[in-house]
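Hi,

Here is the structure I said I would pass on. Have a look at it first, and then read my notes underneath.

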Amino acid sequence: SGGSSGSPVVNIDGFAVALQAGGRADGAATDYFLPVSRPKRALECLQKGLPITRGTIQCQWMIKPFDECRRLGLTPQWEAMVRENFPKETGMLVAEIVLPEGPSDTKLEEGDILLKVNDEILTQFVRLDDILDESVGKSVEVLIQRGGENMEVEVKVGDLHAITPDRFVSVAGASFHDLSYQQARLYAVPVKGVFICEATGSFKFEGTDSGWMVQSVD
């Protein structure tokens, strides 16, 4: 129900396993949860007086079922290895969006199947995020499969905080801030430039809604 975001999700044994993150607004019985390992790590960093690092290589991954991975070129040998190591898994991580001019640009491509990071077989977002969060400013070795061929690339991990807006400016009734990684990912554009989050006042034009990017200034 509305207002429950941030509440613990408790399993049958009474243990908190996730946080309520949101739900469908159309009445469907669908909810979205944040794995408890993420806020747990942040809490432990706070308790130790350490910064809460967030890493990114500006590549969006999606879990694709094994049959779709096979169509993308996943070899029988790698599928068998993944199934052996993770018998409960039904798919693998596949590159969905690679942002231009980001750390992954020219190194990863859409449709690349993730096999290993730093020589560790990965199939889930949580472990991938853990590695990236611990590697800000460093490079990671990424093994992918593209069209049935294995490729290993070295990708430098960027700081997600550095590309997250932390201030805004109001001018003539409109509000501006740096383009965020999330908005850049939505439009598949480089993480740079200005985003108008409230297009009102002098910047309210006919047929435009709040939330657009400034591409040029005359």
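Below is what I found in it, going from the whole chain down to single residues.

One thing to keep in mind from the start: this is a predicted model.

**The chain as a whole**

The chain has 218 residues, and 34% of them count as buried. You will find five helices and 15 strands in it. If you draw a box around the C-alpha atoms along the principal axes, it comes out at roughly 60 × 45 × 40 Å. I also looked at how far along the sequence the contacts reach: taking those between residues at least 6 apart, 50% join residues at least 24 apart.

**Helix α1**

A good place to zoom in is α1, which covers residues 37–48. This helix has 12 residues and spans 16 Å from its first C-alpha to its last, close to the 16 Å expected at 1.5 Å a residue. Three of its residues, Arg-38, Arg-41 and Cys-45, are buried. Looking down the axis of α1, you see the buried residues fall within an arc of 65°, so they line one face of the helix. What lies over them? The cover for the buried residues of α1 includes strand β3 (31–35) and helix α4 (125–133). On the face turned away from that buried side, Leu-46 and Gln-47 are exposed. Right after α1 comes Gly-49, with a positive phi near 75°.

**Salt bridges**

There are 15 salt bridges in the structure. Two of the buried residues of α1, Arg-38 and Arg-41, turn up again here: they belong to a salt-bridge network that also takes in Asp-130, Asp-133 and Glu-134.

Three further pairs are worth clicking on:

- Arg-83 and Glu-79 make a salt bridge at 2.9 Å, N to O. Both sit in helix α3 (residues 76–85), four residues apart, which is about one turn of the helix. The two partners fall into separate classes: Arg-83 counts as partly exposed because its relative accessibility is 39%, while Glu-79, at 10%, counts as buried.
- Arg-146 and Glu-109 form a salt bridge at 3.5 Å, N to O. This pair ties together distant parts of the chain, 37 residues apart: Arg-146 is in strand β9 (residues 139–146), and Glu-109 is in the loop between β6 (91–98) and β7 (113–117). Arg-146 has a relative accessibility of 21%, so it counts as partly exposed. Glu-109 counts as partly exposed too, at 42%.
- Glu-120 and Arg-127 are joined by a salt bridge whose closest N and O atoms are 2.9 Å apart. Glu-120 is partly exposed, with 28% relative accessibility, and Arg-127 is partly exposed at 37%.

**A four-stranded sheet**

Further along the chain, look for an open sheet of four strands in the order β12-β13-β14-β15, with antiparallel pairing. Its edges are β12 (169–171) and β15 (212–214), each of which pairs on one side only. From one strand to the next, the twist averages 35°. Strand β14 (residues 194–198) runs antiparallel to β15 and is joined to it by three bridges. If you want a spot to find this pairing on screen, go to Ile-196, which stands opposite Trp-212 in β15.

**Two residues to look up**

Which residues does Thr-75 touch beyond its neighbours within four places in sequence? Those contacts are Gln-145 and Gly-148. Thr-75 itself lies in the loop between α2 (66–71) and α3. Its relative accessibility is 17%, and since buried means under 20%, Thr-75 counts as buried.

The other one is Ile-63, in strand β5 (residues 59–65). With 38% relative accessibility, Ile-63 counts as partly exposed. Setting aside neighbours within four places in sequence, Ile-63 is in contact with Gly-91, Met-92 and Leu-93, and also with Thr-123, Gln-124 and Phe-125. The C-alpha of Ile-63 is 8.9 Å from that of Thr-90, and these two residues are 27 apart along the chain.

Cheers

Technical notes. Residues numbered from 1 in each chain as written. Predicted model: local features only at pLDDT ≥ 70, side-chain atom pairs only at ≥ 80, totals over all residues. Heavy atoms only, no water. Expected span 1.5 Å × (residues − 1). Buried < 20%, exposed > 50% of the residue type's maximum accessible area, 1.4 Å probe, protein only. Arc of directions from axis to C-beta. Contact = heavy atoms within 4.5 Å. Salt bridge = Lys/Arg side-chain N within 4 Å of Asp/Glu carboxyl O. Pairing = 2+ DSSP bridges. Axes fitted to C-alpha atoms, helices over the stretch in contact; angles between N-to-C directions.
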